[in-house]
Amino acid sequence: MLIFHHIKDLRRFLLHKRTLLTDIGFVPTMGALHKGHLSLIEQSKAQTRLTVCSIFINPTQFNDPADFAKYPVTLHQDIQLLLFAGTDVLFLPDVREMYPEEHDYPLFYELGYYETVLEGAYRPGHFQGVCKVMHRLLRIVEAEAVFMGQKDFQQCMVVQQLLTMTGIATKLVIVPTLRETDGLAMSSRNMRLQPDERKTAAFIYQALLQMKQQLNTGDVVPVKTAAANFLTSKGFKVDYTELANAHSLELMHEWNGKDKIVALIAASLNDVRLIDNMIITS
Ligand code: AMP
């Protein structure tokens, strides 16, 4: 695995690969890697001939400075995991490399509705930060495909909008969420949970399953309320338990029995905020 710290070195290498008609798969991450990240690498390796992974803890997407300060860093282990997974290239830029003072990137991305709901509403500025870093990374790597997790459902929608807005010709491939045996979605933040919190965290998955079971045509507000009450009773501070149209992310109050629905949850145990989602209609 080759490791690059500088954009110009990575670009020179990728340019050479491109002249050999090698197609590139890209997996952007913030490190603290787990099997969920490795499933993205696996997909990239299956679908393209050269896999580039980036590790960059992007300061601009943290609306809460305490969350940024506590974000886990496990670089040595990350490199071992990436080697084991057969990653070809690791891009490890620092903040100055990604955010030089002079640049030609927009200062604001027009994301409209996405910034007003769910993660957009609860984490002001978060998706601006996601677009800032993803625009730069996508332009640096110029991959055929970028592989991202369904775990961050709304982020996938925002990145798709960024690709459309900028005309970048990279295809977004959304990879299913990898879960622990008790259903908890794998996440870098899970390592910040105390052992008892780690057990409790699996109730998020149970709440998603309950929403799936309870969904019926007509009024769906009681389904959302029941999930919120369930999580609160288990000790969570609930931000939302929502049902939304899986194509538009429009929040649902009534279901017509036809639209594809995604259930989305954000809830915290002490200061660890967890998100998860599930498509609950076929
Ligand atoms: P992060 O390092 O948390 O920014 O995540 C990097 C990428 O890994 C994002 O596209 C995430 O959606 C994806 N990801 C995170 N957790 C999982 C998971 N449990 N299963 C699949 N993909 C995941």
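How many residue pairs are in polar contact across the interface of domain 1 and domain 2? The rule finds 11 such pairs, with both residues at pLDDT 80 or more. That cut-off applies because this is a predicted model, in which side-chain atom pairs count only at pLDDT 80 or more.

Start with the two domains themselves. The domain assignment places domain 1 at residues 2-175. Domain 2 covers residues 188-277. Their C-alpha centres lie 26 Å apart.

Now look at where the domains meet. On one side, 23 residues of domain 1 make contact. On the other, 20 residues of domain 2 take part. The size of an interface is often given as the accessible area lost when the parts come together. Here the area buried between domain 1 and domain 2 is about 1,900 Å². Carbon and sulfur atoms give 56% of that area. Three residues of domain 1 stand out: L118, Y122 and F153. Together they supply 30% of the area that domain 1 buries against domain 2, more than any other three residues.

Charge also plays across this boundary. The rule finds four salt bridges between domain 1 and domain 2. To see a salt bridge in the model, find R192 and D67. Their side chains meet with N and O 3.6 Å apart. Two helices help to build the domain 1 side of the interface. They are helix 6 (118-122) and helix 8 (153-166). Each supplies at least two residues that touch domain 2. What classes of residue make up that side of domain 1? It has 11 nonpolar residues, six polar ones and six charged ones.

Step back to the salt bridges as a whole. The count comes to 16. One of the pairs is D271 with K70. Their closest N and O atoms are 2.5 Å apart. This pair links distant parts of the chain, with the two positions 201 residues apart in numbering. D271 sits in the loop between strand 10 (261-269) and strand 11 (272-279). K70 sits in the loop between helix 3 (65-69) and helix 4 (75-84).

Finally, turn to the ligand. Around it are 16 residues. Which of them come nearest? They are M30, G149, D152, L178 and M186. Three of these names return when backbone atoms are considered. A polar backbone atom of G149 is 2.9 Å from an oxygen atom of the ligand. For L178, a polar backbone atom is 2.9 Å from a ligand nitrogen. M186 likewise has a polar backbone atom 2.9 Å from a nitrogen atom of the ligand.

Notes
Residues numbered from 1 in each chain as written. Predicted model: local features only at pLDDT ≥ 70, side-chain atom pairs only at ≥ 80, totals over all residues. Heavy atoms only, no water. Domains from an automatic or database assignment. Contact = heavy atoms within 4.5 Å. Buried area = accessible area lost by both parts, 1.4 Å probe. Polar contact = N/O pair within 3.5 Å; in protein donor to acceptor, adjacent residues only side chain to side chain. Helix = DSSP H or I, 4+ residues; strand = E, 2+ residues; numbered from the N terminus. Nonpolar A, V, L, I, M, F, W, Y, C, P; charged D, E, K, R; others polar. Near = heavy atom within 4 Å.
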